[in-house]
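Q: Could you take me through the contact between the two chains of this model? I would like the cut-offs stated as we go.

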Protein chains: 2
Amino acid sequence: MTLILALDFGGTKLAAGIAHLGSREWLRYERRLSPASADAKTDLEIMRSLIYSLLEGVTPSVIGVSFGGPVDATTGTVRLSHHVAGWENIPLKDLLEAEFGVPASVDNDANVAALGEYRFGAGQGCHSLFYITVSTGVGGGWILNGKPWRGMSGMAGEIGHMVVDPNGPVCLCGKRGCVERLASGPYMAQNVREILENEQQRHREASVLRGFPRQSAQVGKPAHAAASPLKQLARRRGGEVLRALVGDNLQLLTGQLVSQAAADGDDVAKEVLYQAAWALGLGIGNVANLMNPQRFVLGGGVTKAGEIFWQGLRKVARETALPEVTFEIVPAALGDEAPLWGAVALAESLFTMK
Amino acid sequence: MTLILALDFGGTKLAAGIAHLGSREWLRYERRLSPASADAKTDLEIMRSLIYSLLEGVTPSVIGVSFGGPVDATTGTVRLSHHVAGWENIPLKDLLEAEFGVPASVDNDANVAALGEYRFGAGQGCHSLFYITVSTGVGGGWILNGKPWRGMSGMAGEIGHMVVDPNGPVCLCGKRGCVERLASGPYMAQNVREILENEQQRHREASVLRGFPRQSAQVGKPAHAAASPLKQLARRRGGEVLRALVGDNLQLLTGQLVSQAAADGDDVAKEVLYQAAWALGLGIGNVANLMNPQRFVLGGGVTKAGEIFWQGLRKVARETALPEVTFEIVPAALGDEAPLWGAVALAESLFTMK
């Protein structure tokens, strides 16, 4: 029996599964949370114990690995993890091949999830697809002509750092108005928080000034600052549902709560969610014009935000793409298991290459 | 002897060449301007006469064709021309194959020029390249793994309609702040013209108002309008060199004259040219993040604009791409002959497939 071992180093969780070649069901599957103090060494130890527990003494034929961070897919060497310390330049493929004596293939989670959706999920039979995960970050992976496209240095797919609003808020990467800055869960929460805190601040000022003419928040700012949709929002109403959800402790806000408040009709939440959908829709429309893929497959927590989100992004994407550029935007089908099923597909392609 | 016939339907010009397989020199080459009243029928007639004049009674082995407009490369059918009437759904490949009895291959000029630069020009030996032509329009063509990437419906490469400034001026396509709206030659000329005309208008108003306080051009406009770099420019000095170049007739302005005035130190021309470089640089940086190609090859008249342009676009592209994303930006090597040499490469690939 030909066994495939699939591994997912996910940053906050570790998962492993074994399946027969060609099967779409796990023979055995295990999953652990990565401890808060995790480093590469502890992650590798936990994964080894998962693997030996799954294998029960048998040997897999091939190993496929999804890693949550940049990987040199040619050599199977991890470049680093943004979540877990100590992963710099770990030759993960070599370590696994040495320990288990079978071929292994390693790639980053967005590429592997794209492959998983292509082989087993929402991208089956596609000419070409771009998989986008919208979660704590925004990342993407390409399948062109049935194969992953990784680019010259393995960095292809970084739609999260496409600039869609050069006057927008500053992203962690240093640029303004990246897709990730507007559409990722934590930044959506931050955007809502800033609007509500600004409102509080103005309320306080207004009560101090009492009868005086209301002071404009824009005084002394450069004219173009007025263009930011976030600043515009600060002058609108809403936020009551959001505040109720976190008992007025704005530090507890998350992207998921923003989506929930938007679904419950909170105006501030709706606008921030629409802004996320706008950024992602503009990004997708730009990608459609540039690469003309058949299908966009969207996964990650933020894509569960409901109809406001999906309608907004579909509309903006369609308006941004030229009329002749056709495409579909569909939700991912494999959910959190996309990387692990992608690892199966990665291992299978290795197996057929033998 | 294996002869290749290469054709270029360029919108405003028609060119044809024949070369031996493997040769990088034309055996014979002819070129005509397309008459102002041209339609598909007259273009085809002129091209036929060019071909028969070149062939001198011999028969080519294969025919490669570059067409200046959208083409269904699978069937070799022209969709339309934006410059010449009557090209809708003309089965160009079939017409040529029927007349000359040999296989033909047809694709749009950006894809064909990309192939030309890849095989014979600035992209030789590349892992992957994106060719961009910046001229009366802005278009692009992909070479991935040594082969053209055309996308699902043959529309890949449309960087011209990537939105880089959602608050920018309105493009012919209806969107705001497309790369083409900011970086194409005719739009650069228009941007300069609008700035200078606005200035003239304000001078007139100022002389009417004489001693009165100067009226702001921004009054009554929505606050975000102030963000447009074009509007900001209107308040600066410059334009003298531009005006001198066209004898004060702003209708005569062209992209080339804007570049020339910028090189001669005209502030308005410099700013508009920098804005074009900014738009193109942001577009290139976004593409680098998304596809991570090894090389960008830039051709077309605007790319001859000199150092202000090249320095600006290289700087912005580098700042827009993530630090790990490596790429090169180089000028095209084949100039106006890129489509025709690309047609040779297209024909050669057909020949080797036989």
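**The interface of chains A and B**

A: Chain B and chain A bury about 3,700 Å² between them, and 67% of that is on carbon and sulfur atoms. Buried area is the accessible area (1.4 Å probe) that two parts lose on being put together, summed over both. This is a predicted model, in which local features need pLDDT of at least 70 and side-chain atom pairs count only at pLDDT 80 or more, while totals for chains, interfaces and linings use all residues. Residues are numbered from 1 along each chain as its sequence is written, chains are lettered from A and ligands numbered from 1 in the order in which they are written, and side-chain values use heavy atoms, with hydrogens and water left out.

Q: Which three residues supply the most of the area that chain B buries?

A: Trp149(B), Met152(B) and Leu290(B) supply 20% of the area that chain B buries against chain A, more than any other three residues.

Q: And how many residues are in contact?

A: 46 residues of chain B are in contact with 46 of chain A, contact being heavy atoms within 4.5 Å.

Q: How many salt bridges are there between chain B and chain A?

A: The count is 0, where a salt bridge is a side-chain nitrogen of Lys or Arg within 4 Å of a carboxyl oxygen of Asp or Glu.

Q: Which elements of chain B touch chain A?

A: Those giving two or more residues are strand E8 (128-134), strand E9 (138-144), helix H9 (267-291) and helix H10 (307-320) of chain B. Helices (H or I, at least four residues) and strands (E, at least two) are DSSP runs, numbered from the N terminus. H9(B) gives the most, with 7 residues.

Q: Changing topic, what rotation superposes the chains?

A: A rotation of 180 degrees, with 0.0 Å of shift along its axis, superposes chain B on chain A at an RMSD of 0.1 Å. The fit is by least squares on the C-alpha atoms of residues with pLDDT of at least 70 in both. That is the relation of a two-fold axis. The same surface serves both copies, as 100% of the contact residues of chain B recur in chain A.

Q: Is Thr320(A) buried or exposed?

A: Thr320(A) is buried at 2% relative accessibility, since buried means under 20% relative accessible area (1.4 Å probe, protein chains only). Thr320(A) lies in helix H10 of chain A, and its contacts beyond four places in sequence include His161(B), Val163(B) and Lys175(B).

Definitions and conventions: Buried < 20%, exposed > 50% of the residue type's maximum accessible area, 1.4 Å probe, protein only.
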